[in-house]
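These are my notebook entries from a first reading of a structure that was new to me. I wrote down what I looked up, in the order in which I looked.

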Amino acid sequence: MRLGRQFGWLWAAYAVSALGTYLAFDAFSVIAVLALHAGPSEVALLAATGPAVGAVAALPLGPWVEFRRKRPVMMAMDLVRFAALLTVPAAYALGGLGLGQLLLVSVAVAAADITFTAASGAFLKSLVPADRLLTANSRFESTNWTALVLGPPLGGAAIGLFGPVTTVMANAVSFLLSALGIRAVGGDEPLPERTGGERLRAADLLDGWRHILTSPVLRPLFFNNLAANALIMVAAPPLAVLMLGPLGFTPWQYGLAFAVPCLGGLLGSRLARPLAARYGQRRVLRTAGTLRAVWPLGLAFVQPGLPGLLLVMAVEFGVITCSGVYSPVYATRRLECTPNDRVARTLSAWSITGKATTAALTALWGLLASLIGPRAAIAVAGVLLLATPPLLLRDSREATARPSPASAPPSPAGSPPSR
């Protein structure tokens, strides 16, 4: 199904930045362990503090983005990430890199990530007809998993050959290329009209959360995603410490363990649209959301050598395949159920809450890993994850995913693009 030249440029921009991101998969944790000799609590602090502070910094940006042209905002956020990440290899080359700088860079990148996400969702909804949103989101999801298949092993090899900050430089360049791709999208984007004056109001800051919490469709998805995503992610720093430390895996093996299973993401993203067409979005979300929660407990049983590597791959394949089905359907449902004039605020509120929750729990799990060990901390996260699927059952029967008239994307010829 063709989605047009503008979407093609947007898709290309997404592809190059996704590849750069996954070349630098867990780069700051790897740098902290290998170059700065950090322990579990420091790695967890690094993984948690940057996104948490970045989420707070991004709080007023959702309402601000809502009433700005989205494409220039997306380009600016790409350039912010380019500049921030470029300081890491520069400091390393000069012998001055430390955890403090990594924290500052992660704050800037996290705030830019949230702002970009808020702008790009609104941009996509205005670019793609409503009946093709799932197709567009599935293509992004497929691209994301393709980048995950290729990026981590190539990044691990690059670290082994050229040093620990090589992939961070590549990631920085990818954001510069993404900004150029978004610029090539072109088109005349009208400035969104604002009612009630130009000044940012307190109500604007809360409007995204108000929309989420009063929607019988979005509310259960929101709470399930908060819990499930956080509990999946909190295991990453203890697992990195466990695999790269006591279990003796090399960086390329660590990258390979998470790259090969991403073929499941490609499979899942290809299945998402036909499954949703046959069984409906609600059933697909409930089934895939439940299945993705049952796998991560297996990571607590990883052992050294080939058996351990194969175990990590099998667990990650299960999680990622289910996520590949879940994510494009969930992203589409969220856009369908959000009016055009609230998309940026809603996505910003969603991202801020998600990053803050994940950051807080990641810091807590770093402390827990220091007290009871990385393996036990991974096991606790896996057990708690099993309690998240019932949240998806709260979607009330009368709450359908049909978009309201206010949420249908505009159809004028020169409308903007997205990502």
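The entries below go through a helix, the cores, the salt bridges, a surface patch and a few single residues.

**Entry 1: the model and helix α5**

I note at the outset that this is a predicted model. I began with helix α5, which covers residues 70-93, and asked whether its length suits its number of residues: at 1.5 Å a residue, its 24 residues should span 34 Å, and I found its end C-alpha atoms 36 Å apart, which agrees.

Next I looked up which residues of α5 are buried. The list runs through Lys70, Arg71, Val73, Met74, Met77, Asp78, Arg81, Ala84, Leu85, Val88, Pro89 and Ala91, and I found that what covers them includes α1 (5-23), α2 (27-34), α4 (61-66), α6 (99-127), α8 (166-185) and α16 (343-372). Just after this helix I came to glycine 95, which takes a positive phi of about 80°.

**Entry 2: the nonpolar cores**

I then turned to the largest nonpolar core, which has 35 residues, and looked for those that touch the most other members: they are Phe7, Leu10, Met74, Leu124 and Val128. At least two residues of this core come from each of α1, α5, α6, α7 (133-162), α8, α15 (305-336) and α16, and the element that gives the most is α6, with eight residues. Met74, which I had already listed among the buried residues of α5, thus turned up again here. Apart from this core I noted another, of 26 residues, with Trp209, Tyr330, Ala349 and Leu392 among them.

**Entry 3: the salt bridges**

How many salt bridges does a search of the whole structure find? I recorded five, and I followed several of them residue by residue.

Arginine 81 pairs with aspartate 113, and their closest N and O atoms are 2.6 Å apart. Arginine 81 belongs to helix α5 and aspartate 113 to helix α6, so this salt bridge ties together parts that are 32 residues apart in sequence. I also checked how far each partner is covered: arginine 81 counts as buried at 5% relative accessibility, whereas aspartate 113, with a relative accessible area of 21%, is partly exposed.

Aspartate 207 took more of my time, and I wrote down two partners for it. With arginine 210 the closest N and O atoms are 3.1 Å apart, and both residues lie in helix α9 (residues 202-214), three residues apart, about one turn of the helix. Aspartate 207 is buried, with a relative accessible area of 12%, while arginine 210 is partly exposed at 41%.

With arginine 342 the closest N and O atoms of aspartate 207 are 3.5 Å apart. This pair links distant parts of the chain, 135 residues apart, since arginine 342 sits in the loop between α15 and α16 and aspartate 207 in helix α9. Arginine 342 counts as partly exposed, at 30% relative accessibility. I closed this entry with the network that arises from shared partners, in which salt bridges join Asp207, Arg210, Arg342 and Arg345.

**Entry 4: a nonpolar patch on the surface**

Turning to the surface, I found a nonpolar patch formed by Leu364, Leu367, Leu371, Ile372, Val380 and Leu384, which together have about 540 Å² of accessible area. The elements that give two or more residues to the patch are α16 and α17 (374-385), and α16 gives the most, with four residues. I placed leucine 367 in helix α16.

**Entry 5: single residues**

Is asparagine 225 buried or exposed? I found it in helix α10 (residues 218-233), and asparagine 225 is buried, with a relative accessible area of 5%. Leaving aside its neighbours within four places in sequence, I listed Ala230, Arg292, Tyr326, Tyr330 and Trp350 as its contacts. Tyr330, one of these contacts, is also a member of the core of 26 residues.

Last, I looked up alanine 130, which is found in the loop between α6 and α7 and is partly exposed, with a relative accessible area of 35%. Its C-alpha atom is separated by 15 Å from that of glutamine 281, although the two residues are 151 residues apart along the chain.

Key
Residues are numbered from 1 along each chain as its sequence is written. This is a predicted model: local features need pLDDT of at least 70, side-chain atom pairs count only at pLDDT 80 or more; totals for chains, interfaces and linings use all residues. Side-chain values use heavy atoms; hydrogens and water are left out. The expected span of a helix is 1.5 Å times one less than its number of residues. Buried means under 20% relative accessible area, exposed over 50%, partly exposed in between (1.4 Å probe, protein chains only). Contact means heavy atoms within 4.5 Å. Patches are made of residues with over 30% relative accessible area and no salt bridge: like charges are joined within 9 Å, nonpolar side chains (Val, Leu, Ile, Met, Phe, Trp, Tyr) within 5 Å. Accessible areas come from the Shrake-Rupley method with a 1.4 Å probe; for residues, only the protein chains shown count as cover. A salt bridge is a side-chain nitrogen of Lys or Arg within 4 Å of a carboxyl oxygen of Asp or Glu. A nonpolar core is a set of buried Ala, Val, Leu, Ile, Met, Phe, Trp, Tyr and Cys residues joined through side-chain atoms within 4.5 Å.
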